[in-house]
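Please open the structure in your viewer and keep the selection panel at hand, since this tour moves from one selection to the next and says at each stop what is there.

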Amino acid sequence: MKKYKYAIEVKNLTKKFETFAVNDVSFKIKKGEIFAFLGPNGAGKTTTINMITTLLRPTSGSIKVAGYDTVKHPNDVRNIIGIVFQDSTLDRELTAYENLYIHGRIYGYRGDDLKNRINSMLKFVELENHANKVVKTFSGGMKRRLEIARSLIHNPEILFLDEPTIGLDPQTRSHIWEYIERMKKEYNMTIFLTTHYMEEAESLADRIAIIDNGKIIAIGTVDELKSMIGNDMIYLKFANNLDSECVKNILNILNEHFGNSNIINGIFEIRVKNANESIPKIFEIALKNSWKILEVSYRKPTLNDVFIHLTGKSIRERGGNFDMKKIFAKRRGML
Ligand SMILES: Nc1ncnc2c1ncn2[C@@H]1O[C@H](COP(=O)(O)OP(=O)(O)OP(=O)(O)O)[C@@H](O)[C@H]1O
Ligand SMILES: [Mg+2]
């Protein structure tokens, strides 16, 4: 097994179709790390994965996977990676076992060795009782689990998961998250995943790159990303409808004391280091200025807040052509 520190090193990576799908992107992923690309539809996630996995040639820039240059040594790269594509590539007419068998043979496994690997991977994704059923009878979640099993058959060191849980119910999603965590823990696998589910990136990834319009706009651990916008968010709702003069006045006072204050849909938003310390201070100020506050609430910032902070829009708003019906139809092979 080759020794390397960085599983993936991407430098100034660019892909131009009609416009730039990926635009001067650089990052490094350490061995054993779970790294997530979080971004809306069309951000450039799949294009980046396709280039790293040797399926697409970069317009410019360089990529090393386990130290191998992807353009000069594509076969070395392919031998040590596993991929779960965004769209299903299973053979629907074959059984689960047969799908895995073909994949194993392509990678040079055979005999008992292959049989044992297939059985152990089917067990890993809890499909051992469905081995001999044809895939077209599988639910979306079962297919996704089978694809994960297939990607693991040849014992890859680095695994790519392009939107591993898109369109799945919460229970199946949490199963898949569990498999991903086990792959890291039990096999010390490096995992690169893409998602537009913020909670998925947050709960799984050691580090996250937020990508928008082909560019990485922020990169770091969840805590590092959240600290970009202050630690807690406090929300104030007033009892009366306020005229614009009043709103201006309140904002001025809040900004004087806390900075970082805003009004969104009639609710005041204040970013502070520690809400527990700031809320009593807000009541003091309210009393002094005879403010009639109806509701106070607070929460920790989410990755969506980080995205809004950086782009002015939420991830969902940005992915304007996000069409769940279309995605489901595509998954069922109807498009
Ligand atoms: N083969 C192609 N030819 C032309 N344009 C392409 C091609 N593949 C992707 N693009 C464009 O590149 C941009 C990035 O697409 P990509 O599929 O990488 O986005 P994504 O982040 O994976 O989005 P999604 O969340 O919808 O999967 C999009 O504007 C897309 O239309
Ligand atoms: Mg994609």
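The stops below go from the domains to the ligand and then to two helix contacts.

Bear in mind throughout that this is a predicted model. Begin by colouring residues 6-226 as domain 1 and residues 231-300 as domain 2, which is how the protein is divided. With both coloured, place a marker at the C-alpha centre of each, and you will find that the centres of domain 1 and domain 2 lie 44 Å apart.

Next, select ligand 1 together with the residues around it, which are Phe 17, Ala 21, Gly 39, Asn 41, Gly 42, Ala 43, Gly 44, Lys 45, Thr 46, Thr 47, Gln 86 and His 196. If you colour this shell around ligand 1 by residue class, it divides into eight polar, three nonpolar and one charged. Which helix gives the largest share of the shell around ligand 1? Selecting residues 45-52 shows helix 1, from which three residues of the shell come, and this is the largest share.

Now move to helix 3, residues 96-106, and add helix 5, residues 140-152; their axes come within 9 Å and cross at roughly 25°. Because an angle under 35 degrees counts as roughly parallel, helix 3 and helix 5 are described as roughly parallel to each other. Helix 3 passes helix 5 in a right-handed crossing. To see the contact itself, show the side chains of Ala 96, Asn 99, Leu 100 and His 103 on helix 3, and those of Leu 146, Ala 149 and Arg 150 on helix 5. The residues of this contact comprise four nonpolar, two polar and one charged.

Keep helix 3 selected and replace helix 5 with helix 4, residues 111-124, whose axis comes within 10 Å of that of helix 3 and crosses it at roughly 130°. Helix 3 and helix 4 are therefore oblique to each other, and their crossing is right-handed. Here Ala 96, Tyr 97, Leu 100, Tyr 101 and Gly 104 of helix 3 meet Leu 114, Arg 117, Ile 118, Met 121 and Leu 122 of helix 4. Coloured by class, the contact of helix 3 with helix 4 shows eight nonpolar residues, one polar and one charged.

Methods. Residues are numbered from 1 along each chain as its sequence is written. Chains are lettered from A and ligands numbered from 1 in the order in which they are written. This is a predicted model: local features need pLDDT of at least 70, side-chain atom pairs count only at pLDDT 80 or more; totals for chains, interfaces and linings use all residues. Axes are lines fitted to C-alpha atoms, for helices over the stretch in contact, and angles run from 0 to 180 degrees between N-to-C directions. Helices (H or I, at least four residues) and strands (E, at least two) are DSSP runs, numbered from the N terminus. Angles under 35 degrees count as roughly parallel, over 145 as roughly antiparallel, 65 to 115 as roughly perpendicular and the rest as oblique. A crossing is left-handed if the near helix is turned anticlockwise from the far one by less than a right angle, and right-handed if clockwise. Two residues are in contact if their C-beta atoms, placed from the backbone, lie within 7 Å. Ala, Val, Leu, Ile, Met, Phe, Trp, Tyr, Cys and Pro count as nonpolar, Asp, Glu, Lys and Arg as charged, and the others, Gly among them, as polar. A residue is near a molecule or strand if its C-beta atom, placed from the backbone, lies within 6 Å of it. Domain bounds come from an automatic or database domain assignment.
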